[in-house]
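Biologist: Before we discuss this model, put the structure on screen. Then I will ask how each label is earned.

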Amino acid sequence: MTTSYPATTVWAVVLAIGVLTFAIRFSFIALFGGLERRSGEAEGSASAGTVPPRISAALRYVPPAVLAALVFPAVVTIEPTVVGTLTNERLLAGAVAAVVAWRTESVLATIGVGMGALWALQFLL
Amino acid sequence: MNVPTELRAGVRDALPLFLGIVPFAVVFGVAAVDAGLSALQAVGLSVFVFAGASQLATIELLADDATLAVVVLTAVVINLRMLMYSASIAPYFRSLAGRSKAFLAYFLTDQAYALSVAHYGALDDATGGSGSGESDASAAETDALSTADRRWYYLGVGVSLWVVWQLGTVAGLVLGTGVPESWGLDFTVPLVFLALLVPAMNDVPTITAGVCGGVVAVVAAGLPLNLGLLVGATAGIVAGLLAERGRR
């Protein structure tokens, strides 16, 4: 699928995400020293440089939650029958790739085996 | 100043990571071509954002013509974890000038963070330092000296990964234009996410977060504006927190 957004809109999205991502990266690095200069001692900046525990607890679950929300719909297509859903090429290839990802923790191996499985299944089914 | 040694150590430690970064970057380049982005826009994403998972998600959502707010919000949520890296590495950069801090912050990635903090921790242990980088006044002088060196190690990792990421993007753009649709190369995108997802699910709460996030996202896939993704992600985060509380 190709985007139907005009080039200027795509550039606006690129810049917005770029600026916001940099702001996240710079946030606490910038905070340290800024507060230090104001208060004149290192003690105050130590407490200022930590993420509140409740937020850091939630941040721990962002990677698994977001990545799963991206992967599952791309692999699972709900077919009229249960058998049809479970024997979809992409789901089966995804399951094989998941085992490889689990055993090797390698992006390269996961892509290689996953694509190989997809092509093999497309040939067989 | 011991620039070459620390810079070289950073580059050397980053070398094995290239094996994971290169295919990821190539997949991004191919996906960008698939999504109808221009080569300049794809490289623009790699230069301005420089964060793989969020770049891939952006490409996927733009290809689906998702609402722009959803596109930006999704990318930001994916990159929120860098808040933790920023807070964790900040003490090591404390003595630097503001402009240097901004420059270093730009290269803050999972890999640069993980390698640098491990490296600094080993240095602190070797010199009997505090380990957190928050040294007292008596150690301020040695800290100032090592901060300069530390910056070079971090840059060795960060800049070499940056170069490899940009080259990989361009390689993917070149490759993507020549591959027929029937090869199903778009499937490499969920495979990359899968390769990142599996190691992130390593205990009961994170597995709960992943399974709930994924299942809800499938059920909610029909929602307008591509909200299914955000609904699924939110459900996963809440489920993870609940599972964590349930274990206490």
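Modeller: Start with the largest pocket. Its largest lining share, 5 residues, comes from α4(A). Keep in mind that this is a predicted model.

Biologist: What makes a residue part of the lining of a pocket?

Modeller: A lining residue has an atom within 4 Å of a point of the pocket. By that rule 38 residues line the largest pocket. F24(B), R81(B), D110(B), Q111(B) and L196(B) lie nearest its centre. Chain A adds α4 (62-75) and α7 (107-124) to the elements that give two or more residues. Chain B adds α2 (18-34), α4 (52-63), α6 (82-89), α8 (110-127), α9 (140-176) and α10 (188-200). The space comes to about 1100 Å³.

Biologist: How does the lining of the largest pocket divide by class?

Modeller: There are 27 nonpolar, 7 polar and 4 charged residues.

Biologist: And the second largest pocket: how much space lies there, and which residues are closest to its centre?

Modeller: About 840 Å³. Of its 32 lining residues, M1(A), A74(A), E60(B), D64(B) and D186(B) are the closest to the centre. Two or more residues each come from α4 of chain A and from α2, α4, α10 and α12 (227-247) of chain B. By class, the lining has 22 nonpolar, 4 polar and 6 charged residues.

Biologist: Why is the pair R60(A) and D203(B) called a salt bridge?

Modeller: The rule asks for a side-chain nitrogen of Lys or Arg within 4 Å of a carboxyl oxygen of Asp or Glu. Here the N to O distance is 2.9 Å. R60(A) and D203(B) therefore count as a salt bridge, as 2.9 Å falls within 4 Å.

Biologist: How do you know that this pair joins two chains?

Modeller: By location. R60(A) sits in the loop between α3 (53-59) and α4 of chain A, and D203(B) in the loop between α10 and α11 (204-219) of chain B, so the pair joins two chains.

Biologist: How many salt bridges are there between chain B and chain A, and how many over all chains?

Modeller: Between chain B and chain A, 2. Over all chains, 3. Chain B and chain A also have 17 residue pairs in polar contact, both residues at pLDDT 80 or more. On the side of chain B that touches chain A, α10(B) gives the most, with 12 residues. That side has 60 nonpolar, 20 polar and 10 charged residues.

Biologist: What makes a residue count in the contact, and how many do?

Modeller: Contact means heavy atoms within 4.5 Å. On that basis 90 residues come from chain B and 73 from chain A.

Biologist: How much area do the two chains bury, and which residues of chain B lose the most?

Modeller: About 7000 Å² between them, 78% of it on carbon and sulfur atoms. Q41(B), R94(B) and F187(B) lose the most area to chain A, together 9% of what the chain B side buries.

Note on methods. Residues are numbered from 1 along each chain as its sequence is written. Chains are lettered from A and ligands numbered from 1 in the order in which they are written. This is a predicted model: local features need pLDDT of at least 70, side-chain atom pairs count only at pLDDT 80 or more; totals for chains, interfaces and linings use all residues. Side-chain values use heavy atoms; hydrogens and water are left out. On a 1 Å grid over the protein atoms alone, a cavity is a set of points where a 1.4 Å probe fits but cannot get out, and a pocket is an open set with protein on both sides within 12 Å along at least five of seven lines; lining residues have an atom within 4 Å of a point. Grid points are joined across faces, edges and corners, and a volume is the space filled by probe spheres set on the points. Helices (H or I, at least four residues) and strands (E, at least two) are DSSP runs, numbered from the N terminus. Ala, Val, Leu, Ile, Met, Phe, Trp, Tyr, Cys and Pro count as nonpolar, Asp, Glu, Lys and Arg as charged, and the others, Gly among them, as polar. Buried area is the accessible area (1.4 Å probe) that two parts lose on being put together, summed over both. A polar contact is a pair of N or O atoms within 3.5 Å; within protein, one must be able to donate a hydrogen and the other to accept it, and residues adjacent in sequence count only if both atoms are side-chain atoms.
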